[in-house]
Every structure is written in structure tokens, then in C-alpha cells.
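Student: I am new to this structure and would like a close look at a single part of it. Could you pick one helix, show me what surrounds it, and then lead me outward from there?

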Amino acid sequence: MLLATLQTRANNACELCSANADLTAFSVGANSDGTAMMAALLCATCSMQIEGDMDVNHWRCLSSSMWSEHPPVQVLAWRMLDRLSGEAWARDLSDMLYLDDETLAWAKSEVIRDSGHKDSNGAKLEQGDTVVLIKDLPVKGAGFTAKRGTAVRGISLVQDNPAHIEGRVEGQRIVILTEFVKKK
């Protein structure tokens, strides 16, 4: 019954990526009541990647599905964009996404977290690591450009944002996006 309801609602397509094969009902949250109001129709690829290893490019589909009128789909889109916050395109989508207070509280109740700060190659960054800039970065307000190849020693992790680290370049303490560094 649940699967049939979801298939009708979603026109037999994954509610996140629009794939038409291997569709199943996916309960959204530990308190799911077994109804379509607490579930989404997902393909096998989306289901497996939600809590496991993921292909970042697969999730570009969220640019469409995040606008769904169905709260469970909105919740999954928010959670995946939160997990992908290290990607510039995902941050842009997240900035555009609006959820009402109740749906946002539901989305935040079981956030799917990636494992912390990672460099441009996916290597885990730790407090005190040394990284190398992979791109010239203009430093706002400081009047200089941090050059590609510059080593930044003894980095600090920005605790509330896995896409940001802090470090000293030319004697100035700056915030650096992790997508522009490589662990040394």
C-alpha cells in the first residue's frame, strides 16, 4: 500500500534523482509511522548513498528535487545538502532552500554527517595539519593574494563548518575554504 501510494505521488520515479529503476519506499526518520507523509520513493543508488559512500556528482539532482512539495523529500534534500556542505554548488543550493519551521526541525533531527573537514582530494584534515594552497586566493581586506603552492602550517578547524579552516599566510590569520587546499 505504501509503495503504491509513493509510486503514484512520484509518477514511478525516484523523488530525488528521477531514476525509474529499482524503486523502494524509504522511511525518513527513526519515528517514521509507515505512511507516505514520512517516506519517499527512492532508487537503489540514492538509498545506498544516503548513509554510505557517495558519488558527489550524483547529488547535483538536488537542484530540482529540493523544490518538491512533499516534506519527506524536502528533508532528504536538506540533509544531503548539509552533508555536501564542502561543495560550493551544494552550499549555493542550500542557501536557496527554504523549509518551514516544522520541516526544518525534522530535517535537523537526524543530520547525516560526513566525517569532518576534508581537503580537495577528500583526505581528512586534523587540527595542526599542514596544507598547501592549490589556487591563488585573494585575501579580502588584507590587500594581498595567497599564492598557489603556499604552505599553511598548524591549521585550525572551524568547528561549525567543515568547509572552512583557519591558518596564517604572510603573518595574517585567514579563513580558507577546504576545497582550495591539499594536505601535505
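**A close look at helix 5**

Tutor: Happy to! Let us begin with helix 5, residues 88-96, where the buried residues are Trp89, Ala90, Arg91 and Leu93. Keep in mind as we go that this is a predicted model. An α-helix has 3.6 residues a turn, so residues three or four places apart point the same way. The buried residues of helix 5 pack against three elements: helix 3 (62-65), helix 4 (71-83) and strand 9.

Helix 5 also belongs to a wider picture, the largest nonpolar core. This core has 36 residues, and Leu16, Leu42 and Trp59 are the ones that touch the most other members. At least two residues each come from strand 2 (39-42), helix 2 (44-51), helix 4, helix 5 and helix 6 (101-109). Helix 4 gives the most, with 7 residues.

Let us look at Leu16 in that core. Leaving aside neighbours within four places in sequence, Leu16 is in contact with Leu42, Cys46, Ile50, Trp59, Cys61, Leu62, Ser65, Val73, Leu76 and Ala77. There is also a second, separate core of 16 residues, which includes Val131, Leu137, Phe144 and Ala146.

Now to Glu15, in the loop between helix 1 (2-9) and strand 1 (24-27). Glu15 counts as buried because its relative accessibility is 11%, below the 20% limit. What does its side chain meet there? One polar contact, at 2.8 Å, is with the side chain of Arg9. In addition, a polar atom of the Glu15 side chain lies 2.7 Å from the backbone nitrogen of Leu41. With neighbours within four places in sequence left aside, the residues in contact with Glu15 are Leu6, Arg9, Ala10, Ala40, Leu41, Ser65, His70 and Val73.

Cys46, one of the contacts of Leu16, deserves a look of its own. Cys46 counts as buried because its relative accessibility is 0%. Why is there no bond from its sulfur to that of Cys43? The closest cysteine sulfur to that of Cys46 is in Cys43, 3.8 Å away, so the two are too far apart for a bond; the cut-off for a disulfide is 2.5 Å. A search of the whole structure finds 0 disulfides. Cys17 is likewise in no disulfide, and the nearest cysteine sulfur, that of Cys43, is 3.5 Å away.

Finally, let us return to strand 9, one of the elements that the buried residues of helix 5 pack against. Strand 9 (residues 172-177) pairs with strand 8 in the antiparallel sense over 6 bridges, and Ile165 has Ile176 of strand 9 as a bridge partner. The hairpin of these two strands has 2 residues between them, and Glu170 there takes a positive phi near 50°. Strand 8 (residues 164-169) has two faces: Ile165, Gly167 and Val169 make up the covered one, while His164, Glu166 and Arg168 make up the uncovered one. Strand 7 (residues 156-157) also runs antiparallel to strand 8, joined to it by 2 bridges. Here Ser156 has Glu166 of strand 8 as its bridge partner, and a hairpin of 6 residues links strand 7 to strand 8.

Key:
Residues are numbered from 1 along each chain as its sequence is written. This is a predicted model: local features need pLDDT of at least 70, side-chain atom pairs count only at pLDDT 80 or more; totals for chains, interfaces and linings use all residues. Side-chain values use heavy atoms; hydrogens and water are left out. Buried means under 20% relative accessible area, exposed over 50%, partly exposed in between (1.4 Å probe, protein chains only). Helices (H or I, at least four residues) and strands (E, at least two) are DSSP runs, numbered from the N terminus. Two strands pair if DSSP finds at least two bridges between them. A polar contact is a pair of N or O atoms within 3.5 Å; within protein, one must be able to donate a hydrogen and the other to accept it, and residues adjacent in sequence count only if both atoms are side-chain atoms. Contact means heavy atoms within 4.5 Å. A nonpolar core is a set of buried Ala, Val, Leu, Ile, Met, Phe, Trp, Tyr and Cys residues joined through side-chain atoms within 4.5 Å.
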